[in-house]
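Thanks for making the time this morning. Please bring the sequence and the structure up side by side, and I will talk through them.

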Amino acid sequence: MRYPVTNVQSQTFVDAGGYRDERWWSDVVRPDPEPSRWPQANRPRTNVDWYEAVAFTRWLSAQLGYEIRLPTEEEWERAAHGSDGREYPWGGGYESGRANVDETARYGGKKVGEWCLNPYDRPSEKRRFRMSA
């Protein structure tokens, strides 16, 4: 997917029985879903762990008839920085409103987190949370 999963898209998975269907949870831990930080339907879904992200991609793959998966860290880096190593996809320097970040974050910076399929330097491993400033 090119864009973060929204609350309404995530809720579709829940409403379709996504947390009850064993097909999506094979070999992954099924947590109790937590509420999203932002409740608006079109905002990105937050408070999702790696296992939930994997289950969602399995479910979505079945709905669409082709594979959807988390990006590898290498793919995430290329999408975030371009093949020429830009600081941001649009070039150098942060521009308010162009990134999907919480600009009011209490932790002192503009951070964005995305789940990746694997660590960059260990492509055979799974589970990685990518934090970027």
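I will begin with the chain as a whole, then turn to the first helix, and finish with a few individual residues in the loops.

What you are looking at is a predicted model, and everything I say should be heard with that in mind. The protein chain holds three helices and two strands, and, read from the N terminus, these elements follow one another in the order α-α-α-β-β. Of the 133 residues in the protein chain, 34% are buried. The accessible surface of the protein chain is about 8800 Å², and carbon and sulfur atoms contribute 48% of that surface. If we take the contacts in the protein chain with a separation of 6 or more, 48% of them join residues that lie 24 or more positions apart.

Let me move on to helix 1, which spans residues 7–15. Which residues of helix 1 are buried? They are Asn7, Ser10 and Phe13, and because these residues cover an arc of only 120° around the axis, they fall on the same side of helix 1. As for what lies over them, the cover of the buried residues of helix 1 includes helix 2, residues 50–64. Just after helix 1 comes Gly17, whose phi is positive, at about 85°.

That brings me to the backbone of the loop that follows. In general, most residues other than glycine have a negative phi. With that as background, Asp27 deserves a look, since Asp27 is not a glycine and yet has a positive phi of about 65°. Asp27 sits in the loop between helix 1 and helix 2, and its relative accessible area of 79% is over the 50% cut-off, so Asp27 counts as exposed. Asn47 is likewise placed in the loop between helix 1 and helix 2, and, although not a glycine, Asn47 has a positive phi of about 60°. Is Asn47 buried, exposed or partly exposed? With a relative accessible area of 39%, Asn47 is partly exposed.

My last residue is Thr72, which belongs to the loop between helix 2 and helix 3, the latter covering residues 73–81. Its relative accessibility is 19%, and the limit for a buried residue is under 20%, so Thr72 counts as buried. What does Thr72 touch, once its neighbours within four places in sequence are left aside? The answer is Cys116, Leu117 and Asn118, each of which is in contact with Thr72.

How values were computed: Residues are numbered from 1 along each chain as its sequence is written. This is a predicted model: local features need pLDDT of at least 70, side-chain atom pairs count only at pLDDT 80 or more; totals for chains, interfaces and linings use all residues. Side-chain values use heavy atoms; hydrogens and water are left out. Buried means under 20% relative accessible area, exposed over 50%, partly exposed in between (1.4 Å probe, protein chains only). Helices (H or I, at least four residues) and strands (E, at least two) are DSSP runs, numbered from the N terminus. The arc is that of the directions from the helix axis to the C-beta atoms. Contact means heavy atoms within 4.5 Å. Accessible areas come from the Shrake-Rupley method with a 1.4 Å probe; for residues, only the protein chains shown count as cover.
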